[in-house]
Amino acid sequence: MKVAFFSSKSYDKISFEKLATNFSHELSFFEVNLDQNTAALASGFDAICTFVNDHLDKHILEKIKALNVRFVVLRCAGYNQVDLQAAAELGLRICRVPAYSPEAVAEHALALLMTVVRKTHKAYNRVRENNFSLEGLIGINIHRQTVGVIGTGAIGGAFCRIMLGMGCQVLGYDHFENEELKKSGVRYVSLEELFQKSSIISLHCPLTTDTKHLINTSNLAQMQDGVTIINTSRGALIETKAVIKALKKKKVGYLAIDVYEQEEALFFQDLSEEILQDEEIARLMTFPNVLITGHQAFLTREALQQIALTTFLNLDELESGKALSNEVAFQKA
Ligand code: NAD
């Protein structure tokens, strides 16, 4: 199959080309995001391969369908960026990579947590300037903290296990309770109880209409003063304006995010020579207790290999008409 990659980076090209000889697909890599202006690049391709910020809304899907594209393979787990109803109506089949390395993301959540509460990012800069002062670097122990994990699927489950290993009490909230996690010591509670009892909250549920702005003014009010919030899931789970207010009032003690509500215009690009136009991320970056990474939680060697392998297998299944292992299909409400 001829496959056009959008939003492709050097690491995508390397990981896919490494495996390409084992498969019979012809790959073309475009660095641009998929949008109204770039969709025409899909002409002559059977499938497109897209990432988290390639918006597959109705108009784009209609455009690529008109170009005779038949399949969309997402090289990510989340699919909130896809209008599944429109895809189904157009007969476009969509596959994703459901769990390429839950540990990669869970370990990044740990890295964010440990960095922001132990201030190692500040220590790193200080020491490089021969400033060995410890003033202002007091951290908190993770051991014995109560950690609330919202969404205990593949990534949330891996994060629960890490937190249990660090001697935390772990509270889970999910529509489905995982028996293995319960046996390991995770206690499932209501969302309200999780908000009230957790000193650390980590978000691992998908972005849906139900979870958009899950962290909002009224939910923040239920949380402990000085709560730590970690988000490696999707930016819009947090209402940025509300969290900025909560940081100003010291309701939120630490915030560490790998995803941001308006990340589309910023992330995955070098904007170091540009004037930053986004006032909210600019405000977030002024807080000493906020840590931001640019959607890199997935970015490990192991995860990239798995993303490439699963995507090739998805393409094989789509081409051969076999049952699809990783299809994301529209579900009527
Ligand atoms: P998963 O499907 O294995 O788990 C998601 C869990 O969330 C499921 O158990 C589901 O029941 C639960 N859930 C759904 N709606 C919920 C709700 N309203 N409240 C509480 N729980 C709810 O998915 P996963 O592989 O663990 O990935 C989770 C999310 O992580 C993805 O949706 C994606 O947005 C994000 N992600 C981010 C990165 C990154 O690089 N930052 C990489 C991969 C995935």
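By contact I mean heavy atoms within 4.5 Å of each other, and with that in mind I would like to start at alanine 308, which touches Ser15, Phe16 and Leu19 once residues up to four places away in sequence are left out of the count. Please keep in mind throughout that what we are looking at is a predicted model.

Alanine 308 sits in helix H12, which covers residues 301–320. Is this alanine buried or exposed? Since the cut-off for buried is a relative accessible area under 20%, alanine 308 counts as buried because its relative accessibility is 0%. There is also a pairing across the sequence to point out here, in that alanine 308 and lysine 13 are 295 residues apart along the chain, while their C-alpha atoms are 9.5 Å apart in space.

That brings me to the domains, where the assignment divides the protein chain into domain 1, made of 2–100 together with 300–320, and domain 2, which runs over 102–292. The contact between them takes twelve residues from domain 1 and eight residues from domain 2, and the centres of the two domains, taken over C-alpha atoms, are separated by 29 Å.

Let me turn to the ligand, which is surrounded by 23 residues, the closest being Tyr100, Ala154, Ile155, Asp174 and Thr232. Sorted by class, this shell holds eleven nonpolar, nine polar and three charged residues. Which atoms make the polar contacts that I would look at in detail? For aspartate 174, a polar side-chain atom lies 2.6 Å from an oxygen atom of the ligand, whereas for threonine 232 a backbone N or O atom lies 2.9 Å from a ligand nitrogen atom. Serine 233 also takes part through its backbone, with a polar atom there 3.4 Å from an oxygen atom of the ligand. As for how much of the ligand is covered, it exposes 860 Å² when taken alone, and the protein buries 85% of that.

Finally, I would like to spend a moment on helix H10, residues 240–248, in which Thr240, Ala242, Val243, Ile244, Ala246 and Leu247 are buried. What do these buried residues pack against? Their partners are two helices, H9 (217–222) and H11 (279–284), and two strands, E11 (252–257) and E12 (290–292). Just after H10 comes lysine 250, whose phi is positive, at about 65°, and with that residue I will stop and take your comments.

Technical notes: Residues are numbered from 1 along each chain as its sequence is written. This is a predicted model: local features need pLDDT of at least 70, side-chain atom pairs count only at pLDDT 80 or more; totals for chains, interfaces and linings use all residues. Side-chain values use heavy atoms; hydrogens and water are left out. A residue is near a molecule or strand if one of its heavy atoms lies within 4 Å of it. A polar contact is a pair of N or O atoms within 3.5 Å; within protein, one must be able to donate a hydrogen and the other to accept it, and residues adjacent in sequence count only if both atoms are side-chain atoms. Accessible areas come from the Shrake-Rupley method with a 1.4 Å probe; for residues, only the protein chains shown count as cover. Ala, Val, Leu, Ile, Met, Phe, Trp, Tyr, Cys and Pro count as nonpolar, Asp, Glu, Lys and Arg as charged, and the others, Gly among them, as polar. Buried means under 20% relative accessible area, exposed over 50%, partly exposed in between (1.4 Å probe, protein chains only). Helices (H or I, at least four residues) and strands (E, at least two) are DSSP runs, numbered from the N terminus. Domain bounds come from an automatic or database domain assignment.
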